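The following exercises concern the structure shown below. Each task is followed by a solution in steps.

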Amino acid sequence: NAAEEMGEIFSESKLSPVSPPDLSFNATFGYTSFGPAGTIVSDNYVEDLDLRQLKLSNNVRVNLKATDFEANTVRIVVHFGSGSLSQPSTKSGLQWLAPIIMNEGGLRKHSKTDLSRFFAGNN
């Protein structure tokens with residue numbers, strides 16, 4: 001009888017010691033050097049969209065737009081290279097895989113859980 005067998009397994013498992021999870025957390029962020037900061041080389045206001053477009057000396061481009069969608073929130077979107085325009089034609093599906101890896105993969109020195117702990121209360 002499967003129900004009896006499951007009951008026996010459950011009863012036996014209650015006799016096995018269980019250790020609490022390790023909740024320790026090293027609060028030292030593993031990255032401190034990000035290279036020289038870029039300086040603004042161009043600042044363009046786009047009136048019909050009510051946004052600023054900045055180009056920095058390190059070739060980073062920034063679009064800034066204030067909204068009232070969410071109070072006290074800053075949303076960041078990052079594109080690498082030319083975004084999906086630079087995706088190799090031989091690598092179809094990369095546009096769906098890359099965001100999952102970026103969002104779920106963590107960083108070399110920190111897991112996704114560690115990153116959530118670092119930034120808890122700061123977002």
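**Exercise 1.** Determine which residue takes a positive phi in the hairpin of E2 and E3.

*Solution.* The model is predicted. In this model, the hairpin of E2 and E3 has 4 residues between the strands. Asn-59 takes the positive phi there, near 70°. Next, consider the strands themselves: E2 covers residues 51–56 and E3 covers residues 61–64. Their pairing is antiparallel, over 4 bridges. Two positions illustrate this pairing: Leu-54 stands opposite Val-62 in E3, and Gln-53 has Asn-63 in E3 as its bridge partner.

**Exercise 2.** Describe how E1 and E2 pair, and find the residue with a positive phi in their hairpin.

*Solution.* E1 and E2 are joined by 6 bridges in the antiparallel sense. Within this pairing, Tyr-45 has Arg-52 of E2 as its bridge partner. The hairpin of E1 and E2 has 4 residues between the strands. In this hairpin, Asp-50 takes a positive phi near 55°.

**Exercise 3.** Identify the residues that gather in a patch of negative charge on the surface.

*Solution.* The patch consists of Glu-4, Glu-5, Glu-8 and Glu-12. As to its setting, Glu-8 lies in helix H1, which covers residues 2–13.

**Exercise 4.** State which element has the lowest mean pLDDT and which the highest.

*Solution.* Begin with the whole protein: its mean pLDDT is 85, and 97% of its residues reach 70 or more. Among the elements, helix H2 (residues 94–104) has the lowest mean, 81. Strand E1 (residues 40–46) has the highest, 96.

Methods. Residues numbered from 1 in each chain as written. Predicted model: local features only at pLDDT ≥ 70, side-chain atom pairs only at ≥ 80, totals over all residues. Heavy atoms only, no water. Pairing = 2+ DSSP bridges. Patch = residues over 30% accessible without salt bridge, like charges linked within 9 Å, V, L, I, M, F, W, Y side chains within 5 Å. Areas by Shrake-Rupley, 256 points an atom, 1.4 Å probe, with all protein chains shown as cover. Salt bridge = Lys/Arg side-chain N within 4 Å of Asp/Glu carboxyl O. Lys, Arg positive; Asp, Glu negative; His and termini not counted. Charge placed at Lys NZ, Arg CZ, Asp CG, Glu CD. pLDDT = per-residue confidence, 0-100.
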